[in-house]
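Me: I would like to learn how to read the features of a single-chain model, step by step, with the general idea ahead of each case.

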Amino acid sequence: MSSFDGVADAYRRSFATLCVGAVPALLDATAPGRDHLDVGCGTGELAIAAAREGRRVLAVDPDADMVALTREAATRETAASAGPALTVREAGAPLLPVPDRSSGAVTANFVVNHVPDPRATVRDLARVAAPSAPIAMTIWPAAPGPHLAAYGEASRAAGAVPVPSARLVPELDFPRSTDGLASIAREAGLQVGRAEELRWTWRVAADDLMAGIAGGVGGAGRLHRAQTGAVRAEIEERVRRLWAPFVEADGALAFPVSAALVVASRP
């Protein structure tokens with residue numbers, strides 16, 4: 001599992017922009033979704049996009065810093081337009097503060113792959129969804145994207161000291177794939193309507209990506225923070241060289257990425 005404690009700003013600058021790539025598919029999968037619950041809202045991009053469509057949105061996240069960032073973004077959005085405000089609360093699955101069968105649409109964008117008990121989380125998403133309401137979930141596949149594969153190669157070449165594994169114990173884990181996510185949705189009593197791979201290109205500045213890793217986001221961030229200053233500097237030098245083939249004419253990096261999308265509902 002992954003923790004986002006104390007890394008919200010680093011996440012906002014870096015990997016939050018990666019997760020935004022799945023937002024259009026999640027909105028499409030849950031339309032019209034008038035009463036929309038966004039679980040694990042992070043920095044708020046999906047929740048705000050749903051509110052722009054006229055949905056009544058409750059966005060929740062267990063991290064207080066993420067909640068603060070989403071509230072700030074929602075306040076700016078409300079001040080800049082006539083769109084509806086959204087409600088943001090500090091909470092998470094499997095203890096969602098939402099009545100049974102009350103949500104007309106539920107999204108969990110890259111949430112199930114980070115929680116300590118994925119099945120309990122999906123059961124809670126199923127609990128709060130109204131009958132036939134779409135529940136749209138995304139996860140990252142087991143194989144790392146090119147940005148993280150390059151970091152792994154650079155860290156090994158720099159002699160980085162390993163950190164304890166954050167993987168779940170086998171009885172709690174599940175295959176990190178479209179089929180794996182669909183299987184735990186079915187275990188929760190859901191009917192799977194869609195199970196597919198999403199693909200898009202993530203454009204990000206190298207400095208922003210490196211800031212996310214140096215700031216402690218994800219497994220790469222945990223590893224990076226555990227090294228000496230000299231090893232961190234060598235990793236950064238090596239990984240920037242490995243990222244160089246992905247640099248576009250304007251200087252930004254452009255990585256091909258993929259994710260698993262499953263859309264399910266209560267019978």
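The dialogue below goes from the whole chain to its cores, one helix and a few loop residues.

Me: What should I keep in mind about the origin and numbering of this model?

Reply: This is a predicted model, in which local features need pLDDT of at least 70 and side-chain atom pairs count only at pLDDT 80 or more, while totals for chains, interfaces and linings use all residues. Residues are numbered from 1 along each chain as its sequence is written, and side-chain values use heavy atoms, with hydrogens and water left out.

Me: How many helices and strands does the chain have?

Reply: Helices (H or I, at least four residues) and strands (E, at least two) are taken as DSSP runs and numbered from the N terminus. On that basis the chain has eleven helices and seven strands.

Me: What does the radius of gyration of the chain agree with?

Reply: The radius is taken over C-alpha atoms, and the globule rule is 2.2 Å times the number of residues to the power 0.38. For 267 residues a compact globule would have a value near 18 Å, and the chain, with 18 Å, agrees with that. The C-alpha trace spans about 55 × 45 × 30 Å along its principal axes.

Me: Which share of the residues counts as buried, and which share of the contacts joins residues 24 or more positions apart?

Reply: Buried means under 20% relative accessible area, exposed means over 50%, and partly exposed lies in between, with a 1.4 Å probe and protein chains only. Of the 267 residues, 51% count as buried. Contact means heavy atoms within 4.5 Å, and among the contacts with a separation of 6 or more, 80% come from residues 24 or more positions apart.

Me: Which residues have the most contacts inside the largest nonpolar core?

Reply: In soluble globular proteins, nonpolar side chains tend to be buried together. A nonpolar core is here a set of buried Ala, Val, Leu, Ile, Met, Phe, Trp, Tyr and Cys residues joined through side-chain atoms within 4.5 Å. The largest one has 59 residues, and those with the most contacts inside it are Leu-86, Trp-200, Trp-202, Leu-209 and Trp-243. A second, separate core of 33 residues includes Val-106, Leu-125, Phe-174 and Ala-182.

Me: Why can helix 6 be called largely enclosed?

Reply: The way to read this is to see how many residues of the helix are buried and what they pack against. Eight of the eleven residues of helix 6 (residues 118-128) are buried, so this helix is largely enclosed by the rest of the structure. The buried residues are Pro-118, Ala-120, Thr-121, Val-122, Asp-124, Leu-125, Ala-126 and Val-128, and they pack against strand 1 (35-39), strand 4 (105-109), strand 5 (135-139) and helix 8 (178-187). Val-122 has a relative accessible area of 0%, and, leaving aside its neighbours within four places in sequence, Val-122 is in contact with Val-112, Met-137, Ile-184, Ala-185, Ala-188 and Leu-190.

Me: Where are the cis peptide bonds that precede Pro-32 and Pro-94?

Reply: The quantity to read is the omega angle, together with the place of the proline. The bond from Ala-31 to Pro-32 is cis, with omega near 0 degrees, and Pro-32 is found in the loop between helix 3 (23-30) and strand 1. A cis bond also joins Ala-93 and Pro-94, with omega about 15 degrees, and Pro-94 lies in the loop between strand 3 (87-90) and strand 4.

Me: Is Phe-110 buried or exposed, and is Ser-132 buried or exposed?

Reply: Here the backbone angle phi is read alongside the accessible area. Phe-110 has a positive phi of about 55 degrees although it is not a glycine; this residue sits in the loop between strand 4 and helix 6 and is buried, with a relative accessible area of 5%. Ser-132, also not a glycine, has a positive phi of about 70 degrees; its place is the loop between helix 6 and strand 5, and Ser-132 is exposed at 58%.

Me: Which residues does Asn-113 touch?

Reply: Not counting residues up to four places away in sequence, Asn-113 touches Thr-138, Ile-139, Trp-140 and Arg-176. Asn-113 is in the loop between strand 4 and helix 6 and, at 9% relative accessibility, counts as buried.
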